[in-house]
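Work through the exercises below with the structure open beside you. Try each task before you read its solution.

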Amino acid sequence: MPTLNRVKARLSAVAFGISMITAAGAQVASTAPTAANGTFADRSGIWGNAPAARPDTTNPFFKALGSNGRSCATCHAPNDGWSVSPGGLLKRFSNTSGFDPIFLPLDGTNCPTLPLDTLAHRQTASSLLLSRGLIRVELPVPASADYTISAVSNPYGCSSTSAISVYRRILATTNLAFLSDVMWDGRETLVSGALTDSLVNQANDAVHGHAAGTTAAAPSVIGSAVGLELLQYTAQIVDTAAGALDANGAVGGLGALSRIGLAAAAPGQPAFTLYANWETLSGTSDPAVAARASIGRGERIFNSRPMTIAGVAGLNDVASTDGQVHKVLIGTCGTCHNVVNVGTHNSHFLVDEGQARIIPKNVDLPLITVVQKSTGVRVQVTDPGAALTSGRFVDVGKFKVPGLRGFAAHPPYFHNGSAKSAADVVAFYNTRFNLNLSVQEATDLANFLNAL
Ligand code: HEC
Ligand code: HEC
């Protein structure tokens, strides 16, 4: 694709202010890289977009499609990793005294009934959005549900037990070509339909919901917005310590991203091969080469560190490809994040890895009690996940496997924003799945995530 090659050539050559990096990566950044036109700084380096460094802002994605002044880009901000992050939100809050349309009471505050008369009230009302990038999503309990919601303890007043308020990270509208599930709980996934059809439904629902549209947007308008989303690719391109992520035989960055398909890693094969050439680097006093080696080691840990996967509904309680149910599965990160060099899952797959059950850490989130009608079994979660759409108790706490490219561009992480950084993500997995990572290994894995 000529456009991509041009973009890539420009990115590799000039955009970073690291004049010294060559294709072979022989030489190392002498000054800290700086984000240039169309690229953006994050905590670990610089990320960028393809096919164009800057999106076409005449696309309907950037136009107010409903009645409340919000566009898709209000929440999926192209300079905030196509999502939003606390840093960018705080700026928007202070620049507009809290009147930017993202903070509308509809879903940009913790509950629409909270007072908004003073600046301090507006800040308190949007605390979950400002601190973790969470939007309130209200979902009705399906009439046919095999469970009841017996209690909702919501610190902000949205305590209905029939229309449930959950608080979710704005998913990035980039790298969508790799999705098998749309939305955290997969509720916009047309399992037997094309991804484009799922995204068209999703966009229409977003116009009605987030943008308070009263009439449907024209199909051609929705089609253009979805077209922009589907062709958008985002990745980390420079790591502050390691330099260009496509140096020294590595294939990180944007270069190859649009050509990756939805292929799952074969059993025993690595899920990520971006930094295969860095996995064997060692023994050097050059700090940039040492940083590359760390990213390479992190990739190897992702691919091959054995994890004891147990108690994951959707995985440990269903027959796997060998026809057996494995209550304990020795897997790797790639067992779930299996799409090669992307990290989504290659088919419709919702699992409960326990994020919504971590109660003590999430005291600012509601506590929702779900009771199975047939057994009286009762669980408490901060978000019932896919159960709110399917009406099935077995789906409580299930979420989709998000893709990992462009990871560093949109902190915090997980559906509830509970992990502020790559280190927090790694700490969660280390504990939850008994990874026994040393301090160095945890750093390597975090460095790898930040280089995606
Ligand atoms: C008020 C903020 C807001 C607005 C405005 C908004 N979105 Fe979203 N979007 C979200 C949130 C929050 C989620 C995740 C919700 C969930 O999973 O329950 C999301 C999810 C998505 C996803 C799913 C991505 C994935 O990985 O599954 C797509 C696609 C998307 N939005 C497209 C759009 C489009 C197109 C528009 C404009 C028509 C739009 N959004 C407007 C907040 C917003
Ligand atoms: C059992 C399946 C499974 C395994 C194994 C797994 N993940 Fe995940 N991963 C998920 C699911 C599901 C989510 C979303 C969970 C949520 O938000 O509640 C997720 C979320 C993430 C996220 C957050 C991304 C974002 O944008 O918010 C990262 C990063 C991640 N996983 C990395 C890893 C790493 C590293 C490993 C190995 C140590 C790993 N995962 C192993 C299923 C899995």
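## Exercise 1: A helix with two faces

The face of α3 turned away from its buried side carries three exposed residues: Lys-91, Ser-94 and Asn-95. Keep in mind that this is a predicted model.

**Task.** Find which residues of helix α3 are buried, and say what they pack against.

**Solution.**

Step 1. Locate helix α3, residues 86-96. Its buried residues are Leu-89, Arg-92 and Phe-93. A residue counts as buried if 20 or more other C-beta atoms lie within 10 Å of its own.

Step 2. Look down the axis of α3. The buried residues fall within an arc of 100 degrees, so they line one face of the helix.

Step 3. Look for the neighbours of that face. The buried residues of α3 pack against α4 (119-125) and α5 (127-132).

Step 4. Move past the end of the helix. Ser-97 follows α3, and its phi is positive, near 55 degrees.

## Exercise 2: An enclosed strand

**Task.** Decide whether strand β2 is enclosed or open, and name the strands it pairs with.

**Solution.**

Step 1. Check burial. Strand β2 covers residues 45-50, and six of its six residues are buried, so it is largely enclosed by the rest of the structure.

Step 2. Take the partner β1 (residues 39-42). Four bridges join β1 to β2, and the two run antiparallel. One bridge links Phe-40 with Trp-47 in β2.

Step 3. Examine the link between these strands. β1 and β2 form a hairpin, with two residues between them.

Step 4. Take the partner β6 (residues 233-239). β2 and β6 pair in the antiparallel sense over six bridges. Here Asn-49 has Thr-234 in β6 as its bridge partner.

## Exercise 3: A three-stranded sheet

**Task.** Give the strand order of the open sheet that holds β4, β11 and β12 in some arrangement, and pick out the edges.

**Solution.**

Step 1. Read the order. The sheet has three strands, arranged β4-β11-β12, with antiparallel pairing.

Step 2. Find the edges. These are β4 (147-153) and β12 (378-381), since each pairs on one side only.

Step 3. Consider the angle. Neighbouring strands of this sheet are turned by 20 degrees against each other on average, direction ignored.

Step 4. Follow one pairing in detail. β4 and β11 (residues 367-372) are joined by six bridges in the antiparallel sense. Tyr-147 has Gln-372 in β11 as its bridge partner.

## Exercise 4: Two ligand shells

**Task.** Describe the residues around ligand 1, then do likewise for ligand 2.

**Solution.**

Step 1. Start with ligand 1. It has 28 residues around it, and Cys-72, Cys-75, Trp-184, Ala-206 and His-210 come nearest.

Step 2. Trace the elements. α2 (72-75), β3 (134-140), α6 (195-208) and α7 (219-230) each supply at least two residues of this shell. The largest share, five residues, comes from α6.

Step 3. Sort by class. The shell around ligand 1 has 18 nonpolar, five polar and five charged residues.

Step 4. Turn to ligand 2. Of the 25 residues around it, Cys-333, Cys-336, Gln-355, Tyr-413 and His-415 come nearest.

Step 5. Trace the elements again. β8 (307-310), α9 (333-336), α11 (422-432) and α12 (439-450) each give at least two residues to the shell around ligand 2. α9 gives the most, with three residues.

Step 6. Sort this shell too. Around ligand 2 there are 19 nonpolar residues, five polar and one charged.

Terms used. Residues are numbered from 1 along each chain as its sequence is written. Chains are lettered from A and ligands numbered from 1 in the order in which they are written. This is a predicted model: local features need pLDDT of at least 70, side-chain atom pairs count only at pLDDT 80 or more; totals for chains, interfaces and linings use all residues. A residue is near a molecule or strand if its C-beta atom, placed from the backbone, lies within 6 Å of it. Ala, Val, Leu, Ile, Met, Phe, Trp, Tyr, Cys and Pro count as nonpolar, Asp, Glu, Lys and Arg as charged, and the others, Gly among them, as polar. Two strands pair if DSSP finds at least two bridges between them. Axes are lines fitted to C-alpha atoms, for helices over the stretch in contact, and angles run from 0 to 180 degrees between N-to-C directions. A residue is buried if 20 or more other C-beta atoms lie within 10 Å of its own, exposed if 12 or fewer, and partly exposed in between; C-beta atoms are placed from the backbone. The arc is that of the directions from the helix axis to the C-beta atoms. Two residues are in contact if their C-beta atoms, placed from the backbone, lie within 7 Å.
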